[in-house]
Structure formats: C-alpha cells, structure tokens
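Biologist: Could you take me through one chain of this model up close, the way you'd explain it to someone in their first year? I'd like to hear about the parts it is divided into and how they meet.

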Amino acid sequence: MKMHMAQAINTCLFQEMERDESVIVMGEDVGIDGGVFRVTEGLYKKFGRPRVIDSPLSEAGIVGTAVGMAALGLKPVAEMQFQGFVYNAYHHLVQHAARLRNRTRGMFNVPLVLRLPYSGGIHALEHHGESLETIFIHFPGMKVVCPSSPYEAKGLLAASISDEDTVLYFEPKRLYRAFKEDVPEERYEIEIGKAHKVKEGNDVTLISWGAMTYVSKGAVEDAEKEGISVEHIDLRSLAPCDWDSIHESVRKTGRCVVVHEAKKTLGFAAEISARITEKDLLSLEAPIKRVTGWDIIIPYPKFEEYYYPDQKRILKAIIETARF
Amino acid sequence: MPVKRVFEGSVDYVQVMDKDGKVDKSLEPKIPNETLDRMYRLMVQQRTWDRKCLALQRTGRMYTYAPCEGQEAISVGASQAVSNNDWIFPTYRESFMYHIRGAPLYMMNLIWMGLEEGLKLDKKYRAFPLAIPIATQHPHAVGGAYALKLKGEKAATVVFGGDGSTSEGEFHDAMNFAGVLQTPTVFVISNNQYAISVPVKWQTASETIAQKALAYGFKGIQADGNDILTVYKVVKDAVDSAREGKVPVLIEFITYRMGAHTTADDPTKYRSDDEVEYWRERDPITRFQGYLKEKGIWNEDYEKEVQEEAKKLVEEAVQKAEDYKADPKDMFRYTFAHMTKDLEEQMKEAFE
C-alpha cells in the first residue's frame with residue numbers, strides 16, 4: 001500500500017499495540033489530538049486511556065516515567081513533541097535509560113522507545129528544527145535510528161520496539177508527508193545497525209540519513225548529470241553504525257562527502273571522517289568533505305534556508321570532492 | 001495525642017465583577033478614568049493585532065502564530081497593575097505585552113515573521129525575552145527577583161505561564177526557590193483550560209493550581225481572569241506586597257483560549273462548540289465595556305474611535321514589519337560577544 005511516512009509510523013504503532021499489550025504510547029497531545037503531527041491518530045480511540053496517555057506537559061516526567069515503565073515490564077513508546085524540547089529529559093536518558101543495564105550487570109534493562117520528531121526546513125518556530133543526534137550518540141547505551149522513507153520508518157520502528165535496549169527513533173518532520181511509497185501491510189523489521197545503499201556508484205561516496213537523504217538524492221541526480229557517479233549510503237542507524245559498509249564504499253571510491261543538518265563541530269560527520277582516516281587513509285584521493293549546519297544557534301524561520309544544507313551546497317561538495 | 005493536624009490551608013477565589021456586570025464594591029479597585037480608558041484601548045488593540053496576525057499567517061505573511069484572544073484581561077490588567085520598575089516575564093502568548101511596556105508593535109510582528117530582531121528589546125522596558133520551551137521563565141523570574149532584591153531595588157518580577165507550565169519541573173523548582181529565598185516574585189498562571197489539547201484535569205489532580213503555592217510556603221489565589229478589574233486588583237495587591245519585601249504569591253487566573261493553541265492546531269479535535277460559546281459569553285472585552293459604560297467612558301462613538309485607532313496602529317505595525325530589512329548574516333554575529341575566526345569563515349561560506 002502506498003503511504004507517506006506519518007501513515008507508516010501510525011500503521012506500525014497500531015500493529016505493535018495489537019500484537020503486544022505491553023506496548024503503550026505516552027506523550028503530550030498523543031491521545032485525543034492524535035499528536036501534533038497526527039502520527040498517533042486513532043490510537044486513543046482504539047486502545048483507550050490506559051494504553052494511550054495524554055501526559056502532563058513535562059518532558060522529564062514523560063521519559064523518567066517511561067524508564068520505570070520499561071524496567072518493570074511495559075514497552076513504552078514515548079514521544080517528545082519536538083526534539084528541541086528533549087533537554088530536560090536528557091538526564092533520565094543518559095543517567096538512567098542508558099546505564100541501568102550496565103549498573104546492574106544485566107539484571108535490569110530499559111526497553112524504551114523514544115520518538116523524537118527532528119529536522120528543520122519547515123519554517124517552524126525556534127527550538128522546532130533541531131538535529132541533536134550527537135548528544136545521544138556520544139553517550140553509550142542508547143541506540144539511535146533515523147528513517148529516510150516510509151518503508152524504513154515502519155520497519156525501523158518495529159525493530160526499535162522489539163529491541164531490548166533504549167532506542168531513540170528520530171522522525172524527520174519534513175518527510176512526514178513529503179512523498180509516498182509502497183509499504184508492506186504485514187509486519188517486518190529493518191535490522192538496527194545496518195546501512196542501506198540507496199544507489200551504487202564509483203566516483204564519490206555520499207553518506208546521509210533522515211531528511212538529508214531525501215535532499216541528497218536530488219544532488220546525487222544532479223551530479224550524475226555532471227558525469228559523476230555517486231555511491232549514496234543512507235545510514236538508517238547511527239548508533240550502532242554500520243562502519244563496514246562505510247569503509248567498503250570509501251575503499252572503492254576513494255572520496256567521501258558526509259551530509260547532516262546538525263552543527264559542524266562534533267557533528268556525526270566528524271566521527272565518520274575520523275574513522276575513515278583511521279582505516280582507509282591510503283585509499284583516499286581527496287579530503288573528506290562535510291556539508292552540515294553551521295556552528296550557530298539555528299536561526300528563526302525567515303532565514304533558515306541559510307542554515308540547513310540544501311541540494312546546491314551538497315552538489316557543490318560532491319563536485320569539489322570528485323574533481324579534487 | 002498520636003495524630004495531630006500539622007498543616008491546614010485554603011485558597012480563595014476572587015471576582016470583582018461577575019459575568020453580568022455586578023461589581024463587588026468592597027473589592028472594586030480605585031482606577032483613575034484615564035487608566036480605565038488606556039486599559040480598554042489596549043485590550044482592543046491586542047485583539048485587533050491578534051486577529052490581524054491570524055489573517056497574516058493564513059495568507060503566508062507570517063509563520064506559526066500563537067493567538068491570545070480571550071486572555072486580554074490578563075496581559076493588559078497585569079501590565080497596568082505593575083510599576084515601571086517591576087520586571088515582567090511573559091510567555092509567547094503574551095508577546096503583545098512588550099508593546100504595552102513600550103516596545104514598538106512592529107517588533108512583535110517580527111517575532112512571528114521569523115526574525116530574532118523582534119526580541120531586540122531595550123532593557124528599559126523591563127520585560128524579559130519570551131521563550132518557546134515551556135516553564136523556563138519561572139526560575140528566571142525568581143533569579144531576576146533575587147538580583148533586584150540584592151541590588152536594593154524596590155521592584156518585583158511578575159512571571160506568566162499557562163496551566164501546562166505548572167507540570168514542568170521548572171515551575172516547581174521556581175516556586176520552591178522563591179519560597180526559600182523569599183524573592184519578590186508574583187507567579188501569574190493563566191489557566192486557559194488546555195495545554196494544546198490536554199485538559200487541566202489531565203495536567204494535575206489538584207483541585208486548583210493556586211493551592212500548589214501552599215506546599216512551597218506562600219499564598220495562592222484563584223481569580224477570574226476574564227474580568228480585568230479582578231486581574232488589576234489581584235496582581236496589584238500581590239506585586240505591591242512582593243515589592244515591599246514580603247513573600248512571593250501565586251495567582252491562578254481562570255480564563256479560556258478562544259482560538260487554537262497555534263495556527264498549526266485544530267481545536268475542534270478536543271473541545272466542543274458549546275464550551276467555546278460558554279466562554280464567548282464571558283468575553284473580557286465585552287464585560288469591561290459594560291463597566292466603562294456605567295462610568296460614562298464608553299459609548300458607541302468612543303468605541304468607533306477606539307477601533308479606528310487600533311486598526312491604524314496595527315496597520316502601521318504590519319507595514320513597518322513587512323518593510324523591515326534584516327541582515328541574515330546576523331545569525332552569525334551574536335553567537336559570542338566577538339565573532340571567532342572559525343565563524344567568520346563559516347559565515348563567508350554560508351553566503352558565498
């Protein structure tokens with residue numbers, strides 16, 4: 001069935017709640033309202049208040065409570081209304097969700113899924129366009145996944161809900177309704193930790209995830225017209241990351257561009273570059289190029305297009321890298 | 001005696017003028033006619049501006065906007081009850097308050113048109129920049145009040161928030177610090193019944209929000225937030241006593257958000273037309289009109305003049321905001337007091 005990403009996530013939540021009654025959904029406005037992006041639409045009507053909780057307005061409360069729920073046998077799929085509001089829940093994520101397994105030497109675990117609508121480019125208000133993967137990837141014990149299409153969204157969410165550890169599920173807001181594609185009716189999982197080759201190519205490796213995969217596809221097409229063959233890798237999972245696929249591709253092309261909308265300094269591209277230079281230095285024909293947000297506060301919507309990487313900037317980076 | 005009561009508390013509800021215009025003379029604040037006139041004009045201006053912003057958003061001339069129709073009595077009444085030395089800490093739904101404090105109205109348009117320049121507020125307005133994250137202003141106002149106290153200024157801070165904000169830890173941190181540090185802080189909670197879609201009954205199991213103050217060692221009052229006379233009186237009493245070095249106060253105003261949470265919200269999903277109608281009958285502007293008529297201030301000619309004045313003010317603000325030329329490079333220039341070499345280079349790359 002053809003569906004857009006918001007529908008794919010919604011369908012997955014229905015299926016997971018039907019097959020496992022320990023799955024519960026909690027967050028601000030996720031019930032009666034169906035979520036501010038309508039991603040949880042209909043769940044309240046079908047499953048009711050005990051399993052679909054319109055929570056008080058408290059991010060720390062939501063995540064802290066979800067940690068307890070998860071540790072004692074429920075499977076909470078909690079929501080941060082916008083990723084930019086996760087900071088006061090960070091405490092519970094890094095100090096508890098990420099640590100409980102280690103602190104109890106495996107006696108406890110926190111199988112919590114936290115859905116975080118992230119990404120910008122939709123002219124939303126301040127704090128509504130963040131891309132905060134760095135602060136989660138940096139801290140061990142939490143998985144971070146990020147779909148770039150409706151198909152990935154459904155399979156990655158199902159895998160996240162099955163996972164025994166805390167999974168942060170990044171939802172690219174600007175892709176919620178950007179396009180539709182075929183999504184299987186039946187349940188399926190996409191393995192966490194495996195990248196997806198969007199396109200084979202020989203001249204340059206382009207690495208992206210989430211909303212930037214969508215934007216990069218256009219740039220890759222433009223580059224092909226310039227005669228540059230790009231191998232496009234969509235990471236899908238940032239923690240754990242599929243390093244093998246990255247090394248394999250870069251060894252083949254010798255050139256690499258990494259795209260993300262998070263800030264440049266200590267953005268995940270920095271880690272990817274470091275890993276490539278550690279292992280593939282002798283294969284490299286050009287410096288690794290990063291196309292990222294700038295090291296500034298994300299501007300208010302009027303001028304946001306100067307902040308987020310766009311097709312033009314990505315294309316320029318591909319060309320410069322290919323012709324270095 | 002093995003069991004003895006160690007705490008007792010209560011919360012009063014205050015209403016100066018009821019919905020039908022009956023005024024409790026023992027509570028009626030003595031407000032000069034000149035101030036009453038100003039209050040009415042400001043309420044009409046706020047509503048005119050608010051409706052204009054909605055229209056601008058719908059035609060793509062503004063981004064997401066958080067409307068304030070129905071809550072004018074609180075922002076206008078409170079701002080007239082505080083002195084020029086006090087500091088206010090508004091929420092995003094009270095951006096009009098910056099104009100009341102002296103900032104040109106077009107700046108408020110800039111905020112919602114997606115430009116940081118809208119918050120380029122001169123400190124002389126003594127109004128703290130609004131924030132989008134919920135409840136963060138509460139502890140800031142407590143810290144601000146402590147600063148005023150330590151500097152020996154006879155001034156208080158008045159911090160605004162919604163019912164939803166009382167669920168965040170920061171609200172409780174702030175109340176606790178205010179009680180412990182005895183800061184001159186007045187917490188004004190506009191209980192407009194919903195935090196986006198979530199009703200107050202799912203926000204708190206307390207009967208009132210006001211009673212939360214008792215747990216932190218100070219007084220909580222509940223009052224009619226759709227009667228500007230009540231708002232004026234209750235805030236004035238609270239802020240006067242806070243300024244005199246007495247304890248902080250929490251005021252819960254019962255009100256209603258007539259419109260959507262923001263232009264991205266559809267309130268028909270979570271509330272009934274009947275409910276909206278119930279509150280329409282308690283409209284703060286209409287109620288105040290009745291009072292002003294009794295005072296011999298309001299008549300139809302007056303109304304016409306006030307409406308025209310408001311329309312002109314708003315049109316001028318829209319024009320000025322739409323003519324405003326901002327420099328996108330400013331997104332780099334205010335990261336630090338002095339721009340780093342790295343940022344200079346990034347800025348160059350961003351605008352090449």
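Modeller: Sure! Chain A of this predicted model is divided into domain 1 (2–182) and domain 2 (196–322). Taken over C-alpha atoms, the centres of domain 1 and domain 2 of chain A are 26 Å apart. Where the two meet, 26 residues of domain 1 of chain A are in contact with 22 residues of domain 2 of chain A. On the domain 1 side, the elements that give two or more residues are helix 6 (133–137), strand 6 (142–145), helix 7 (150–162) and strand 7 (166–172) of chain A. Strand 6 of chain A gives the most to that side, with four residues. And what sort of residues are they? The side of domain 1 of chain A that touches domain 2 of chain A divides into twelve nonpolar, eight polar and six charged residues.

Now look inside. The largest nonpolar core has 192 residues, and among those with the most contacts inside it are Val144(A) and Ile318(A). This core draws at least three residues from each of domain 1 (2–182) and domain 2 (196–322) of chain A. Chain B has a share in the list of most contacts too, including Val158(B), Val186(B), Val188(B), Val235(B) and Ile251(B). If you click on Ile318(A), look for what surrounds it: leaving out residues up to four places away in sequence, Ile318(A) touches Val204(A), Leu206(A), Ala219(A), Ala223(A), Ile228(A), Val230(A) and Val257(A).

Step back to chain A as a whole, and you get eleven helices and 14 strands. The radius of gyration of chain A is 19 Å, and the globule rule gives 20 Å for 324 residues, so chain A is as compact as a globular protein of that length. Along its principal axes, the C-alpha trace of chain A spans about 60 × 40 × 40 Å. Of its 324 residues, 57% count as buried. Take the contacts in chain A between residues at least 6 apart in sequence: 80% of them join residues at least 24 apart.

A few spots in the backbone of chain A deserve a zoom. As background, most residues other than glycine have a negative phi, and most peptide bonds are trans. Here come the exceptions. His127(A) isn't a glycine, yet it has a positive phi of about 70°. You'll find His127(A) in the loop between strand 5 (113–118) and helix 6 of chain A. His127(A) counts as partly exposed, because it has 16 C-beta neighbours inside 10 Å. Arg236(A) is another residue other than glycine with a positive phi, near 65°. That one lies in the loop between strand 11 (230–234) and strand 12 of chain A. Is Arg236(A) buried or exposed? With 26 other C-beta atoms within 10 Å, Arg236(A) is buried, since the cut-off for buried is 20 or more. Then there's the peptide bond between Ala239(A) and Pro240(A), which is cis, with omega about 0°. Pro240(A) has its place in the loop between strand 12 (237–239) and helix 9 (243–253) of chain A.

Chain A also has a partner to meet. Their contact takes 28 residues from chain A and 30 residues from chain B. The chain A side of it divides into 16 nonpolar, five polar and seven charged residues.

Since chain B is part of the picture, let's give it a quick look. Chain B has 13 helices and eight strands. For its 352 residues, a compact globule would have a radius of gyration near 20 Å, and chain B has 21 Å, which agrees. The C-alpha trace of chain B spans about 80 × 55 × 45 Å along its principal axes, and buried residues make up 47% of the chain. Helix 1 (residues 33–58) of chain B is a nice one to check by hand: at 1.5 Å a residue, its 26 residues should span 38 Å, and the end C-alpha atoms are indeed 38 Å apart. Just after helix 1 of chain B, Gly60(B) takes a positive phi of about 75°.

One last stop is Phe187(B), in strand 4 (residues 185–191) of chain B. Phe187(B) counts as buried, with 32 C-beta neighbours inside 10 Å. Setting aside residues up to four places away in sequence, Phe187(B) touches His138(B), Val159(B), Met175(B), Pro248(B), Leu250(B) and Ile251(B). That last name, Ile251(B), is also one of those with the most contacts inside the largest nonpolar core.

Definitions and conventions
Residues are numbered from 1 along each chain as its sequence is written. Chains are lettered from A and ligands numbered from 1 in the order in which they are written. This is a predicted model: local features need pLDDT of at least 70, side-chain atom pairs count only at pLDDT 80 or more; totals for chains, interfaces and linings use all residues. A nonpolar core is a set of buried Ala, Val, Leu, Ile, Met, Phe, Trp, Tyr and Cys residues joined through C-beta atoms within 7 Å. A residue is buried if 20 or more other C-beta atoms lie within 10 Å of its own, exposed if 12 or fewer, and partly exposed in between; C-beta atoms are placed from the backbone. Domain bounds come from an automatic or database domain assignment. Two residues are in contact if their C-beta atoms, placed from the backbone, lie within 7 Å. The radius of gyration is taken over C-alpha atoms; the globule rule is 2.2 Å times the number of residues to the power 0.38. Ala, Val, Leu, Ile, Met, Phe, Trp, Tyr, Cys and Pro count as nonpolar, Asp, Glu, Lys and Arg as charged, and the others, Gly among them, as polar. The expected span of a helix is 1.5 Å times one less than its number of residues.
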